[in-house]
Amino acid sequence: MFSKKIPHTLESDSDITSPLDLWYQERHNDEVSFGLHVKKVLHSVQSPFQRVDVFESTGFGRILTLDGLMMCSDRDEFVYHEMISHVPLLVHPNPKRVLVIGGGDGGTLREVLRHDCVQEAVLCEIDGEVVEAAKQFFPSLAFGLNHPRAKVHIGDGVDFVKKSAAAQFDIIIVDSTDPIGPGVGLFSGEFYKEVKRILTPGGIVMAQCESPWENKFDLAKVYGNLKEAFSSVYSMVGTIPSYPYGYWSWGFASDDVHPFESINFEKARAIEKGTKYYNVDIHKSAFALPNFLKQKLHGVVKNA
Ligand code: SAM
């Protein structure tokens with residue numbers, strides 16, 4: 001996580017302004033890494049699930065990492081949170097109850113709550129330390145965590161879904177870490193079948209589905225697991241500079257709703273006034289895939 005030349009020990013909540021040339025580094029695999037120059041280490045704590053770190057970077061504002069992996073940065077978090085939220089919310093005919101699994105930084109919840117039609121947004125995050133770090137260091141992300149229409153539950157999303165009654169939510173957003181550690185259960189076909197059970201008829205699932213450039217996760221399998229539960233699965237792509245390879249994908253799954261043929265344009269125009277990435281043109285074009293990804297997902301997603 002830190003470049004080798006800087007041995008350091010961190011006290012939790014220490015605020016170290018280092019005279020050293022400090023760099024945060026995320027190693028995507030044995031060949032590729034991503035680095036950001038760091039001004040200060042603002043927070044570092046070991047939770048029962050993962051290491052939670054917050055840095056003040058020179059070029060990307062504050063960044064949140066979990067087990068050394070980039071989760072969000074002040075500079076580009078809006079891309080991910082706007083796309084994972086507004087795309088399903090603007091094609092579902094009448095979304096009233098939304099479930100966010102993971103998403104402890106609050107960014108997805110913030111965007112979901114922009115929609116006045118949402119009567120209740122429930123967030124199920126396994127690690128309370130992530131929520132606390134978001135509240136302390138990312139106020140622009142975390143305001144949704146204390147919102148009157150939001151309900152924050154600290155627990156495992158797999159258990160939460162299993163224990164939920166049928167047909168509870170119109171949209172379910174899986175805003176999880178990678179399919180490793182606590183996140184692995186959130187990518188299985190069995191989990192998505194349970195998710196479908198607690199969706200209302202005509203419901204939509206939106207799940208982060210990793211970088212199209214990364215080979216350590218089999219994207220055909222990641223999307224194929226969604227297809228075990230839903231008849232229509234689409235891949236959506238977008239550019240996020242601080243994420244692996246700067247290019248990300250999400251899965252849109254539903255039995256009844258198309259991802260961009262039924263956009264509620266009136267609502268979309270209103271939402272666009274407050275977004276920095278989402279707009280209707282981006283919404284539609286996000287489902288146009290490059291050929292290398294079409295080949296990877298041929299026969300699995302409808303737009304490949
Ligand atoms: N946007 C990020 C990405 O695409 O990697 C995800 C950000 S959000 C911080 C991911 C959250 O998922 C983390 O806070 C993590 O604790 C949570 N998480 C991982 N496994 C979980 C599980 N089984 N149930 C609920 N939350 C989980």
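Here's a short walk through a predicted model, from its two domains to its ligand.

**Stop 1: the two domains.** Select 3-73 and give it a colour: that's domain 1. Then select 77-297, which is domain 2. If you place a marker at the C-alpha centre of each domain, the two markers sit 26 Å apart.

**Stop 2: where they touch.** Now show the residues that domain 1 and domain 2 put in contact: 23 from domain 1 meet 23 from domain 2. About 2100 Å² is buried between the two domains, and carbon and sulfur atoms account for 66% of that area. How many salt bridges should you look for between domain 1 and domain 2? Zero. Polar contacts are there, though: eight residue pairs between the domains, both partners at pLDDT 80 or more.

**Stop 3: the domain 1 side.** Stay on domain 1 and pick out strands S2 (33-46), S3 (51-57), S4 (62-66) and S5 (69-73); each brings at least two residues to the side that touches domain 2. Which strand gives the most? Select S5, with five residues. Colour this side of domain 1 by residue class and you'll get 15 nonpolar, six polar and two charged.

**Stop 4: the ligand.** Next, bring up the 23 residues around the ligand; Gln50, Glu125, Gly157, Pro182 and Tyr243 come nearest. Zoom in on Pro182, where a backbone N or O atom lies 3.0 Å from a ligand nitrogen. Step along to Gly183: here a backbone N or O atom is 3.4 Å from a nitrogen atom of the ligand. Finish at Asp175, which puts a polar side-chain atom 3.4 Å from a ligand nitrogen.

Notes
Residues numbered from 1 in each chain as written. Predicted model: local features only at pLDDT ≥ 70, side-chain atom pairs only at ≥ 80, totals over all residues. Heavy atoms only, no water. Domains from an automatic or database assignment. Contact = heavy atoms within 4.5 Å. Buried area = accessible area lost by both parts, 1.4 Å probe. Salt bridge = Lys/Arg side-chain N within 4 Å of Asp/Glu carboxyl O. Polar contact = N/O pair within 3.5 Å; in protein donor to acceptor, adjacent residues only side chain to side chain. Helix = DSSP H or I, 4+ residues; strand = E, 2+ residues; numbered from the N terminus. Nonpolar A, V, L, I, M, F, W, Y, C, P; charged D, E, K, R; others polar. Near = heavy atom within 4 Å.
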